[in-house]
Structures are given as structure tokens and as C-alpha cells.
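Thanks for making time this morning. I will go through one model, beginning with a pocket and then moving to the core and a few single positions.

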Amino acid sequence: MHPCLSRLTPGCARPLAVLLGSLVSVSMAGAEPAEAFHDLGALRANQAYETLSVPPAAPGDVRATRLGLGLALLNRQPRSEANLMEALRHFEALAAENPADEAGVAARYFAARWWQIHAPQPDLARARRAYLELAASAPEHPLAQYGLVKVGILDLYTATGPAPAERIQSVEALLPRLTHPAVRRNLRHVLGQACQVLVDDPERALGHYEAALADGLAKDNLHADVLLRAAETARRTGDARKARIFLEVYVERYPRSHAARLAREILASLP
């Protein structure tokens, strides 16, 4: 990607707490627990923790409440190892009681994620195994499929054996298992970047970006990022027509973004 565009491109992290809230809040009685999951999605962990720590006035889904407590503890301020360990205990207990219901599947996903990024000493191999076990037992669940995206990232950037081209090919083999468009788009985005960074193959990268755009990108920051990357990879392959199309869409859709001015300059320079 053009170095200036690369610096200005927004991140594309997907807040999985929002997805989780849509899955579990509908099963909970009362407005307060639902509001707590909304707080989690908005990264207001302390507020969510305070709400979920109070015993509900009406019976509801206690497992969902415990799941929410675990998620709140991951980001409760001030952060502490004690909070992180308590979060893991919630996830592991929920998974042990029932690994197959909504709370159980989500708990298994977030336990795996805990070992990947939240553990005081991350264990990437353990996280990878947990993601794969979840995907094998709940292959249609969106969180299980997001776990496969995490496996792909781990295999692309932490594996030490296969050559980069082989790692990319192996991760591409995960695509048929992703039946949820949002998850598939996420992995396409990851693969496009890997084709640029690991093997410098702009044509292959462009194929992944075009597939992601064809699937439809709901999140503006991800859509903007893929448009810019697709434009730059098309320009590198010598396809000025495609580069122009992607940049024109970007400028029309995001005229006030930080990268819009530079995108217009590149447009003007295209043949």
C-alpha cells in the first residue's frame, strides 16, 4: 500500500462483544442485563460489571449474566491479574456445565481468546487448539467461525515451519468453512494483507480484497480499509481502471476522511 495511505487507514478490529450481546441479551429477563451487554459492546466494562454483579430482581438467564461478568472483568479498570483470572474461571465453569448452548459456545471462544491475548503468560498453542475444538463441535456458530479467523492469523504470523506461501495457502483452505459473510470477509481481509506483507503478491491480494468487497462490508472502517488496499494493489498490478474505480468509490463514500485528499491526488495521477 502507498505508505501515506497505510498510515491513514483506520483499523478494522471487530468488537465481538457487540455480536455477543445480540446473541445472549434476548434470552435475559429485564432491561438492566440487556443494558449491561450494551455497555460491554460500548467498552464500558466498569458499568457493565456493576450492573451484572447485582442479583436480578426477576429470574433470567444466569449463565448469560455470568458470561457478561467474565467479559466485564477482562476490561474492568483498574486492570489486574486477579480480574483476569476470575474472568477465566467464569468462562471455564460455563463451558464445563454446558459447552453447547449459547453461553457455553461463547465462553469457550472467550476462554481461547483469553489464552491468546489476556493471559499473564499467553499460550498461543493452547489458544489455537481451543479455537479448533470449538469450530469442530459448533461449526455453524459465528463465534466458532471467528475462532477460525484467529487460527488463520496465528498460523500466518506465528508459525515457524512452512514457507509464507504455504501458510497462506493453508489459511485459504479455511474459507469454505466460513458460512457467515461477516466472518468470511474478515478472513479475506487478513489474507489480502498477508499476501502483501508475507509474499508481496499484489494479484493474489487483490483477489481477496475484491472477494471481500463483493460479499459486502457493513463496517465503514473495514470497508474503507479494503477499498484503499484494493486500489493500491490494483495500481501495482498495472490495472489503473480498477484502481480508479476503488478510489472513486472511496472518495464518494468517505469524502471527509483523513485519506480522502491523498486518494484524490492518486486519482489525478492515474492514466
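Before the pocket itself, a word on the term: a pocket here is an open set of grid points where a 1.4 Å probe fits, with protein on both sides within 12 Å along at least five of seven lines. Its volume is the space filled by probe spheres set on those points. What you see is a predicted model.

By that reckoning, the second largest pocket holds about 270 Å³ of space. Three helices each supply at least two residues of its lining: α6, residues 81-97, α7, residues 102-118, and α8, residues 124-137. Which of them gives the largest share? That is α8, with five residues. The full lining is L88, E92, A95, R108, A111, A112, W115, R126, R129, A130, E133 and L134. By type, seven of these residues are nonpolar and five are charged, while no polar residue takes part.

Now the chain as a whole. The protein chain has 271 residues, of which 45% count as buried. Its secondary structure consists of 15 helices and zero strands. If we take contacts between residues at least 6 apart in sequence, 58% of them join residues at least 24 apart.

Next, the core. The largest nonpolar core contains 76 residues, and F91, L187, L247 and Y250 have the most contacts inside it. Helix α7 gives the most to this core, 10 residues in total. To take one of the well-connected residues, what does L187 touch beyond its neighbours within four places in sequence? Its partners are V149, V171, L174, L175 and L178.

From there I go to helix α15, residues 260-269. The buried residues of this helix are A260, L262, A263, I266 and L267. Why do they count as lying on the same side of α15? Because they cover an arc of only 160 degrees around the axis. The general background is that an α-helix has 3.6 residues a turn, so residues three or four places apart point the same way. The face of α15 turned away from the buried side carries the exposed residues R261, A268 and S269.

Three single positions remain, and I will take them in sequence order.

The first on my list is Q77, in the loop between α5, residues 62-75, and α6. Is Q77 buried or partly exposed? It counts as partly exposed, because its relative accessible area is 47%, and the partly exposed class runs between 20% and 50%. The C-alpha atom of Q77 is separated by 7.7 Å from that of A45, although the two residues are 32 apart along the chain.

The next is N83, which is found in helix α6. N83 has a relative accessible area of 10%, so it is buried, the limit being under 20%. Not counting residues up to four places away in sequence, N83 touches L73, R76 and P78.

The last is A103, in helix α7. With a relative accessible area of 4%, A103 is buried as well. Leaving aside neighbours within four places in sequence, A103 is in contact with R63 and L67. The C-alpha atoms of A103 and G68 are separated by 9.4 Å, and these two residues are 35 apart along the chain.

That is what I had; I can take questions now.

Notes
Residues numbered from 1 in each chain as written. Predicted model: local features only at pLDDT ≥ 70, side-chain atom pairs only at ≥ 80, totals over all residues. Heavy atoms only, no water. 1 Å grid on protein atoms, 1.4 Å probe; cavity = no way out; pocket = protein on both sides within 12 Å on 5 of 7 lines; lining within 4 Å. Helix = DSSP H or I, 4+ residues; strand = E, 2+ residues; numbered from the N terminus. Nonpolar A, V, L, I, M, F, W, Y, C, P; charged D, E, K, R; others polar. Core = buried A, V, L, I, M, F, W, Y, C linked by side-chain atoms within 4.5 Å. Buried < 20%, exposed > 50% of the residue type's maximum accessible area, 1.4 Å probe, protein only. Contact = heavy atoms within 4.5 Å. Arc of directions from axis to C-beta.
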